Amino acid sequence: QVQLVESGGGLVQTGGSLRLSCAASGRTFKMSIMGWFRQAPGKEREFVAAISWSGGSTYYADSVKDRFTISRGNAKSTVYLQMNSLKPEDTAVYYCAAGGTVVANVEAWGQGTQVTVSS
């Protein structure tokens, strides 16, 4: 099994930045891809960004492209999401995920971290 723990959420004003971190433990060698999803109140969980195990391939939702950057730490079991130019519509609970870029393919979820962007 894989365990994922997020950190770094919080409250920020429009245009500000936040950096989320996700630390993975357990059978991390099985994770071909890690990424982030988010869920706003009353909405379905949606894909945000993902990165391959090697870090050579990255994937982004159109809504965050050019504003968010996903990366891996030197210890490949850590993944970061740098969020710049934040907008109120980015407000959501952000979940670290392992295994895929669609909800149905995700094999492990973190507990979630709240990101709130004030206008």
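# A guided tour from glutamate 6 outward

Begin by selecting glutamate 6, which is buried yet has no salt bridge, the nearest side chain of opposite charge being that of arginine 45, 7.7 Å away. Keep in mind from this stop onward that the model is predicted. Glutamate 6 has its place in strand S1, and its side chain can be followed to two backbone nitrogens. The backbone nitrogen of cysteine 96 lies 2.8 Å from a polar atom of this glutamate 6 side chain, while the backbone nitrogen of glycine 112 is reached by the glutamate 6 side chain at 2.9 Å.

## The sheet that holds S1

Now display the strands around S1. An open sheet is formed by 4 strands, and if you step across them in the order S1-S3-S8-S7 you will find that the pairing is antiparallel. S1 and S7 are the edge strands, each of them pairing on one side only. Averaged over the sheet and with direction ignored, neighbouring strands are turned by 15 degrees against each other. As background to this view, strands of a sheet pair through backbone hydrogen bonds, in either a parallel or an antiparallel way.

Move next to the edge at S7, residues 68-72, and colour its residues by face. Phe68, Ile70 and Arg72 make up the covered face of S7, whereas Thr69 and Ser71 make up the uncovered one. Then add strand S8, residues 78-83, which runs antiparallel to S7 and is joined to S7 by 5 bridges. Which residues of S8 stand across from isoleucine 70 and serine 71? The bridge partner of isoleucine 70 is leucine 81, and opposite serine 71 stands tyrosine 80. Follow the backbone from S7 to S8 and you will pass through a hairpin with 5 residues between the two strands.

## The nonpolar core

With leucine 81 still selected, widen the view to the largest nonpolar core, which has 34 residues and in which Leu4, Trp36, Leu81, Met83 and Tyr94 are those with the most contacts. The elements that give two or more residues to this core are S1 (2-7), S3 (18-26), S4, S5 (46-52), S7, S8, S9 and S11 (113-118).

## Salt bridges, buried and exposed

For the next stop, turn to the charged side chains, among which a search of the whole structure finds 4 salt bridges. Select arginine 38 and aspartate 90, which form one of them, with their closest N and O atoms 2.9 Å apart. Arginine 38 lies in strand S4 (residues 33-39) and aspartate 90 in the loop between S8 and strand S9 (92-98), so this pair ties together parts that are 52 residues apart in sequence. Are arginine 38 and aspartate 90 buried or exposed? Both residues are buried.

Stay on aspartate 90 and add arginine 67, with which aspartate 90 forms a salt bridge whose closest N and O atoms are 2.8 Å apart. This second pair links distant parts of the chain, since aspartate 90 is in the loop between S8 and S9 while arginine 67 is in the loop between strand S6 (58-60) and S7, 23 residues apart. Arginine 67, like aspartate 90, is buried. Selecting Arg38, Glu46, Arg67 and Asp90 together shows one network, joined by salt bridges that share partners.

For another setting, select lysine 65 and aspartate 62, whose side chains meet in a salt bridge with 3.1 Å from N to O. Lysine 65 is partly exposed, with a relative accessible area of 40%, and aspartate 62 counts as exposed at 66% relative accessibility.

## Two residues with positive phi

The last stops concern the backbone. Most residues other than glycine have a negative phi. Select aspartate 66, which is not a glycine and yet has a positive phi of about 75 degrees. Aspartate 66 lies in the loop between S6 and S7 and is exposed, with a relative accessible area of 79%.

Finish at serine 85, another residue other than glycine with a positive phi, here near 50 degrees. Serine 85 has its place in the loop between S8 and S9, and at 41% relative accessibility serine 85 counts as partly exposed.

How values were computed
Residues are numbered from 1 along each chain as its sequence is written. This is a predicted model: local features need pLDDT of at least 70, side-chain atom pairs count only at pLDDT 80 or more; totals for chains, interfaces and linings use all residues. Side-chain values use heavy atoms; hydrogens and water are left out. Buried means under 20% relative accessible area, exposed over 50%, partly exposed in between (1.4 Å probe, protein chains only). Two strands pair if DSSP finds at least two bridges between them. A nonpolar core is a set of buried Ala, Val, Leu, Ile, Met, Phe, Trp, Tyr and Cys residues joined through side-chain atoms within 4.5 Å. Axes are lines fitted to C-alpha atoms, for helices over the stretch in contact, and angles run from 0 to 180 degrees between N-to-C directions. Lys and Arg count as positive and Asp and Glu as negative; His and the chain ends are not counted. A polar contact is a pair of N or O atoms within 3.5 Å; within protein, one must be able to donate a hydrogen and the other to accept it, and residues adjacent in sequence count only if both atoms are side-chain atoms.
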